[in-house]
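Here are a few exercises to work through with the model open beside you. Try each task before reading its solution.

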Amino acid sequence: MALSGAHKDRGELRIQESLDELCTDLADYIAELSEVSVKERGVFAIALSGGSLIGLMGKLCEAPYDKTVDWAKWYIFWADERVVAKNHVDSNYKLAKDGLLSKVPIVPSHLHSINDSLSAEEAANDYEFVIRQLVRTRVISVSDISDCPKFDLILLGMGPDGHVASLFPNHSVLNEEDEWVTFITDSPKPPPERITFTLPVINSASNVAVVVTGSSKAEAVHLAIDDVGPDFPSLPARLVQPTQGKLVWFLDKPAASKLDGSQSSE
Ligand SMILES: O=C(O)[C@H](O)[C@@H](O)[C@H](O)[C@H](O)COP(=O)(O)O
């Protein structure tokens, strides 16, 4: 590991020399959280995002994780999803299914993707209803301070504009406090229609990991993590602040290159 440390309230930073090391560290981290959660609760409720994250999780399909992870105890959700058919090339479900979930023995009924025959608004309401049922049966824990679902792990990517899940800068959904799952029809990143976990749900999780690679995101990483003062508008990624849970940033060197002090640590 190139660098590891805590950054005030911004969580733990894990900065890796190479993508290969980042992928190994990420697989280790997920496998460990799965083990702890299965031991404590009998299940592991994990929410995925789209984008490069799924490829970076690829080592989970390989030895030793393919055999050591208790896949039958995984319940899988999406922190955000594009409102397209499940077999559409833009579907986050399809991305995860093809790249990861079809290669390990997940129980098909534990895969909780959106109903792709509904409108964005209906799909968000329906997804929240599904999550409410699973909170009731304690497949998903509940936060004792927010009453929100408390996922064991929420995995997020981040765009160069600092968006996470489908929470984009300056969008009104950033202020959503009542819904668990909401929708947008004007995503600046195509496709335009998406459903997304809201910030209260993300910040109620036991663990949140933000996985970011590449120099195009270095400025957003700096603005999301460093103490930049009040003059900068808050990026969605900066609003990821688990109330009781643990936040970890997985970064490669190019993504971390504009962090304060990064030059001196090379
Ligand atoms: O469905 C989506 O578009 C995402 O969930 C989104 O939040 C993604 O994680 C980031 O845009 C980062 O994507 P990349 O890692 O591919 O840049």
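**Exercise 1: The whole chain**

The chain holds eight helices and 12 strands. Work out how the radius of gyration of the chain stands against the globule rule.

Solution. Keep in mind that this is a predicted model.
- Start with the rule, which gives 18 Å for 266 residues.
- The chain itself has a radius of gyration of 17 Å, close to that value, so it is as compact as a globular protein of that length.
- Next, look at the box: along the principal axes, the C-alpha atoms fill roughly 50 × 45 × 40 Å.
- Finally, 42% of the 266 residues count as buried.

**Exercise 2: One helix**

Find which residues of helix 4 (residues 92-99) are buried, and where they lie around the axis.

Solution.
- A residue counts as buried if 20 or more other C-beta atoms lie within 10 Å of its own.
- In helix 4, Asn 92, Tyr 93, Leu 95 and Ala 96 are buried.
- These residues span an arc of only 165° around the axis, which puts them on the same side of helix 4.
- An α-helix has 3.6 residues a turn, so residues three or four places apart point the same way.
- Now look at the cover over the buried residues of helix 4: it includes strand 3 (44-48), helix 2 (53-56), strand 4 (74-78) and strand 5 (80-82).

**Exercise 3: The ligand shell**

Identify the closest residues around the ligand, then sort the shell by class.

Solution.
- Of the 15 residues that surround the ligand, the closest are Ser 49, Gly 50, Gly 51, Ser 52 and Gly 157.
- By class, the shell has four nonpolar, eight polar and three charged residues.

Definitions and conventions:
Residues numbered from 1 in each chain as written. Predicted model: local features only at pLDDT ≥ 70, side-chain atom pairs only at ≥ 80, totals over all residues. Near = placed C-beta within 6 Å. Nonpolar A, V, L, I, M, F, W, Y, C, P; charged D, E, K, R; others polar. Helix = DSSP H or I, 4+ residues; strand = E, 2+ residues; numbered from the N terminus. Rg over C-alpha atoms; globule rule 2.2 N^0.38 Å. Buried ≥ 20, exposed ≤ 12 C-beta atoms within 10 Å, placed from the backbone. Arc of directions from axis to C-beta. Contact = placed C-beta atoms within 7 Å.
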